[in-house]
Amino acid sequence: MFRCPFCGFEARQLSMSQEITQADIEAAAANDISKGHLVERVKRYNWAIEEAVTDPVRKHEKHGKWPEIAEANGIPKATYYARYKNGWDHERAATEKVDKKKTPYSKRSVAT
């Protein structure tokens, strides 16, 4: 990883060899990283092979039926997801009514 001493910007450094070996594929598989994911990381995103083989794949959290419960309660899915992302638990995000008074001013119709 490269870090600029002036501004703090961080960037991955490219490895000199971008050839993926069978040993790399096997090491990635041992870390639950598919061959396709490994190739994409190295070829498309220019990751170093060592990092592409070892950095775990992020798992997306399952929301189950909560988005549908939110819609049944009159809460848009986008609102549910935003609430959850902001730290609300599933139940609260899907059941607490939307406070119309807190709607941002820019979204209200304004007579000009």
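**Starting at an exposed loop**

With a relative accessibility of 63%, Asp-32 counts as exposed. Why does Asp-32 count as exposed? Because exposed means over 50% relative accessible area, and Asp-32 comes in at 63%. Keep in mind from the outset that what you're looking at is a predicted model.

So where are we on the chain? Asp-32 sits in the loop between H1 and H2. Its backbone has a quirk, too: phi is positive, about 60 degrees, although Asp-32 is not a glycine. If you trace the chain along H1, Asp-32 with its positive phi is what follows that helix.

Now zoom out for a moment. The protein chain holds six helices and two strands. Reading from the N terminus, the order is β-β-α-α-α-α-α-α. The protein chain has 112 residues, and 21% of them count as buried. As for contacts between residues at least 6 apart in sequence, 32% of them join residues at least 24 apart.

Back to H1. Which residues of H1 are buried? They are Asp-24, Ile-25 and Ala-28. These residues lie on the same side of H1, because they cover an arc of only 100 degrees around the axis. Turn to the face of H1 that points away from this buried side and you'll find the exposed residues Ala-23, Glu-26 and Ala-30. And what covers the buried residues of H1? The cover includes H2 and H3.

Step past the loop and H2 tells a similar kind of story. Its buried residues are Leu-38, Arg-41 and Val-42. They too end up on the same side of their helix, since the arc they cover around the axis of H2 is only 90 degrees. The buried residues of H2 pack against H1 and H3. After H2 comes Asn-46, with a positive phi near 60 degrees. This is a residue other than glycine with a positive phi, and it belongs to the loop between H2 and H3. Asn-46 counts as partly exposed because its relative accessible area is 38%, and partly exposed covers the range between under 20% and over 50%.

Time to look at what lies between these helices. In soluble globular proteins, nonpolar side chains tend to be buried together. Here, the largest nonpolar core has nine residues: Ile-25, Ala-28, Ile-33, Leu-38, Val-42, Trp-47, Ile-49, Ala-52 and Val-53. At least two of its residues come from each of helix H1 (22-30), helix H2 (35-44) and helix H3 (49-54). Which helix gives the largest share? That would be H3, with three residues. Another core lies apart from this one; it has five residues, including Ala-70, Tyr-80, Ala-93 and Ala-94.

There's also a pocket worth a visit. The second largest pocket encloses about 240 Å³ of space. Its lining is made of His-37, Glu-40, Arg-41, Tyr-45, Trp-47, Asp-55, Pro-56, Val-57, Arg-58 and His-60. You've met some of these already: Arg-41 is one of the buried residues of H2, and Trp-47 belongs to the largest nonpolar core. Sorted by kind, the lining has four nonpolar, two polar and four charged residues.

Move further along the chain to His-63, in the loop between H3 and helix H4 (66-72). Is His-63 buried or exposed? It is buried, because its relative accessible area is 18% and buried means under 20%. If you set aside residues up to four places away in sequence, His-63 touches Tyr-80, Tyr-81, Tyr-84 and His-90. Tyr-80 should ring a bell, as it is among the residues of the five-residue core.

Our last stop is Arg-83, in helix H5 (residues 77-85). Arg-83 is buried, with a relative accessible area of 10%. Which residues are in contact with Arg-83, leaving aside its neighbours within four places in sequence? They are Ile-75, Trp-88, Arg-92, Ala-93, Glu-96, Lys-97 and Val-98. Take Ala-93: it is ten residues away from Arg-83 in sequence, and the two are 5.6 Å apart in space, C-alpha to C-alpha. Ala-93 is also one of the residues in the five-residue core.

Definitions and conventions
Residues numbered from 1 in each chain as written. Predicted model: local features only at pLDDT ≥ 70, side-chain atom pairs only at ≥ 80, totals over all residues. Heavy atoms only, no water. Helix = DSSP H or I, 4+ residues; strand = E, 2+ residues; numbered from the N terminus. Buried < 20%, exposed > 50% of the residue type's maximum accessible area, 1.4 Å probe, protein only. Contact = heavy atoms within 4.5 Å. Core = buried A, V, L, I, M, F, W, Y, C linked by side-chain atoms within 4.5 Å. Arc of directions from axis to C-beta. 1 Å grid on protein atoms, 1.4 Å probe; cavity = no way out; pocket = protein on both sides within 12 Å on 5 of 7 lines; lining within 4 Å. Points joined across faces, edges and corners; volume = space filled by probe spheres on them. Nonpolar A, V, L, I, M, F, W, Y, C, P; charged D, E, K, R; others polar.
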